[in-house]
Amino acid sequence: MNIKAYMAIMRVRFMLLVQYRVAALAGIATQLMFGFVFVMILEAFYFSSTVLQPMSLKEAIGYIWIGQAMLGMLPWGGDAEIQNLIRSGNVAYELCRPLDLYNHWYARAIALRVAPTVLRALPLFLVSLFLLPQEYALEIPTSTAFLAWVLATLGALFLGSAITNLINISMLWTISGEGISRLLPALVTVFSGMVVPLPLLPDWSQKVLTLLPFAGLVDTPARFFTGQLAPSEIWISTARQLIWTIVLIIWGRRLLQRGLRRLVVQGG
Amino acid sequence: MAQIVVRDLTKVFKVAHRKAGVWQAIKGLVKREYNPVRALDGVSFEVGRGELVGYLGPNGAGKSTTVKILSGILVPDSGLCKIINRIPWQERAAHVQDIGVVFGQRSQLWWDLPVMDSFELLRDIYRLGPVDFNDTLEELVETLNLSAFLGVPVRQLSLGQRMRCELTASLLHRPKLLFLDEPTIGLDAVSKLVVRDFIKRLNKEHGTTILLTTHDMDDVEALCHRVMIIGRGQILMEGKLKDIRQRFARERRFIVELGNRYVEEEVKGRISKAELIYLEGNQAHFNFDPTIVTPAELLHELSAEFEVRDVLIENPPIDEVIARLYEELAI
């Protein structure tokens, strides 16, 4: 495998994506705002409830901040550039390179997930760790919890990129990608724990939620960071992320092969 | 030995169609109708090493489809295609190392990046060594005169500059074969000449085999050793441009400057051996067939009737020849 080429593609795509400074600033502001809204709702919810919750308020608040900081990692939609390539027919050029198209697009998907995350995560971590009043702040994790979080975040990145790539590949059929990019965020935000921390959802749903791939995106890393999951659980959760990643990659590869067989590069 | 061997290639596209109107659009939601379009209907040809072949045909004749099959992008429905003894769509990775492709209407450069970044990315994609890459790039930069805008983002280049960069991008890995799909489309006269000269040099000095599709007959006349004409998904004719011209446009233009102005009837009535095409001021354009009447006889007849100031004999414009050819072949 031509690792160097894929790294170069990732680097170039990354360079292009991080140059949108205004978007990054707007993103930080949005995530802070949403973070506060979620934190306040949770607080009201905890104070009005008499039942013992499966996670402490402090943990839930930390969970929210991690989710907001890592928002860019969520597979919201596909790569707009790939969508354009397919629509305009420039995808013809991608097909006459000595590269595996799936890996090529996967490399781009990683860049697409990492770039906005780097831009947003750092400032959000700084604010939520050090600038907020104690009761609303993110707590500094133990070093083993931190290590587990790093691993889980890497797992989330590979999983998220596999989902992103599936969206890219689906453009070979739908061309516009509009439908999927509206439908998917609804699924992803709810089932990943972005809206409500997954442990707070009804007990009967827990089994399904942990079986779905989406929990590996936000829920898993956030729970390790806040200490809601013991670092020793990391092997099971990593295995779960990895299995889903492999399944989605195999599925994506099959779809791509089918898509290319029926591909008609349009015009000229 | 032939580098490109194509036998009986066929490719049928299914094209969705419906009649205009809202009701038809709603019907289309339930039941789609497809029309089969035979883009290629038994195409066969060969191209030898070092040849520069023109691949001509009107829009929609199947030129681009052929190029896409040759470059391994499309899979044909049936037929054989071997390029340097490989089947493009089966040994894609090895195949594409040996070929370069330029689609004149598309871009392979990264729109928002300086040209040089795209070149370096291609270096990594094709696993080129730094020495080879630098040598090739230096040569291309010099011959195509790119040094002034290597650092400029692609979106800010003029079309002519961009096309020179596209050519460079397709040649960095020194392919043995180059497919050019309308490389001069939309270019101004100067850029066209630059691109044309470059293609000629590449073929001569490096022996690169080139298949060129174009609608620009001046390209063809200046470059191609041989042309193939495709229409209705089949190769209808192939040969040297000179021979095609002789077969389809034997006549010559005989342009005469007369001493006075005349109206058409006056000239037509007095000249029997050639056909008057048009008359403008005191310049008269005739068509004549040199196998029926020699220029000397024609001049003799003309000067007996008129005062002849100047004479020019030329071939009919190649565009006209091709247009007539398409008409006669009914494509």
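Here is a short back-and-forth on a predicted model with chains A and B.

User: How many helices and strands does chain A have?
Analyst: Going from the N terminus, chain A reads α-α-α-α-α-α-α-α-α-α-α. That leaves its tally at 11 helices and zero strands.

User: And what's the secondary structure count for chain B?
Analyst: Chain B has both kinds of element, including helix H5 (130-144) and strand S2 (residues 33-48). The full count comes to 12 helices and 13 strands.

User: What radius of gyration does chain A have, and what would a compact globule have?
Analyst: The C-alpha trace of chain A spans about 65 × 40 × 35 Å along its principal axes. For 268 residues, a compact globule would come out near 18 Å, and the value for chain A agrees with that: 19 Å.

User: What are the spans of chain B along its principal axes?
Analyst: Chain B has 331 residues, and 50% of them are buried. Its C-alpha trace spans about 75 × 55 × 45 Å.

User: What share of the exposed area of chain A comes from carbon and sulfur atoms?
Analyst: As for burial, 54% of the 268 residues in chain A count as buried. What chain A does expose adds up to about 12700 Å², and the carbon and sulfur share of that is 71%.

User: What do carbon and sulfur atoms supply in chain B?
Analyst: Chain B exposes about 16100 Å². Of this area, carbon and sulfur atoms supply 49%.

User: How far apart are the mean positions of the positive and negative charges in chain A?
Analyst: Chain A carries 19 positive and 12 negative charges. Take the mean position of each set, and the two points are separated by 14 Å.

User: What's the matching separation in chain B?
Analyst: Here there are 43 positive charges and 47 negative ones. Their mean positions lie apart by 8 Å.

User: What percentage of the contacts in chain A join residues at least 24 apart?
Analyst: The pool is contacts between residues at least 6 apart in sequence. One pair with a long sequence gap is A:Ala162 and A:Leu248, at 86 residues, and these two are in contact. Over the whole of chain A, the share joining residues at least 24 apart is 82%.

User: Where does A:Ala162 sit, and is it buried or exposed?
Analyst: A:Ala162 belongs to helix H7 (residues 143-174) of chain A. Its relative accessible area is 0%, and buried means under 20%. So A:Ala162 in H7 is buried.

User: Which residues does A:Ala162 contact, beyond its neighbours within four places in sequence?
Analyst: Start with A:Leu248, whose C-alpha is 6.0 Å from that of A:Ala162. The full set is A:Tyr102, A:Tyr106, A:Thr245, A:Leu248 and A:Ile249.

User: Over all chains there are 13 aromatic pairs; what kind of pair do A:Phe45 and A:Tyr46 make?
Analyst: A:Phe45 is partly exposed at 36% relative accessibility, while A:Tyr46 is buried at 13%. Their ring centres are 5.7 Å apart and their planes meet at 90 degrees; since planes over 60 degrees apart count that way, the pair is edge-to-face.

User: Which residues form one aromatic cluster with A:Trp149?
Analyst: The cluster is in chain A. Alongside A:Trp149, its members are A:Phe125, A:Phe146 and A:Phe225.

User: What is phi of B:Asn145, and where does that residue lie?
Analyst: Most residues other than glycine have a negative phi. B:Asn145 has a positive one, and it is exposed, with a relative accessible area of 51%. It lies in the loop between helix H5 (130-144) and helix H6 (159-171) of chain B, with phi near 60 degrees.

User: What about phi of B:Arg174?
Analyst: B:Arg174 is in the loop between H6 and strand S6 (177-181) of chain B. At 44% relative accessibility, B:Arg174 counts as partly exposed. Its phi is positive too, near 45 degrees.

User: Which residues does B:Tyr34 touch, not counting those up to four places away in sequence?
Analyst: B:Tyr34 is in strand S2 (residues 33-48) and is partly exposed at 45%. B:Val15 is 19 residues away in sequence, with 5.3 Å between the two C-alpha atoms. The residues touched are B:Lys14, B:Val15 and B:Ala16.

Technical notes. Residues are numbered from 1 along each chain as its sequence is written. Chains are lettered from A and ligands numbered from 1 in the order in which they are written. This is a predicted model: local features need pLDDT of at least 70, side-chain atom pairs count only at pLDDT 80 or more; totals for chains, interfaces and linings use all residues. Side-chain values use heavy atoms; hydrogens and water are left out. Helices (H or I, at least four residues) and strands (E, at least two) are DSSP runs, numbered from the N terminus. The radius of gyration is taken over C-alpha atoms; the globule rule is 2.2 Å times the number of residues to the power 0.38. Buried means under 20% relative accessible area, exposed over 50%, partly exposed in between (1.4 Å probe, protein chains only). Contact means heavy atoms within 4.5 Å. Accessible areas come from the Shrake-Rupley method with a 1.4 Å probe; for residues, only the protein chains shown count as cover. Lys and Arg count as positive and Asp and Glu as negative; His and the chain ends are not counted. The place of a charge is taken as NZ of Lys, CZ of Arg, CG of Asp or CD of Glu. Rings of Phe, Tyr and Trp (its six-membered ring) pair if their centres lie within 6.5 Å; planes under 30 degrees apart count as stacked, over 60 as edge-to-face and the rest as tilted.
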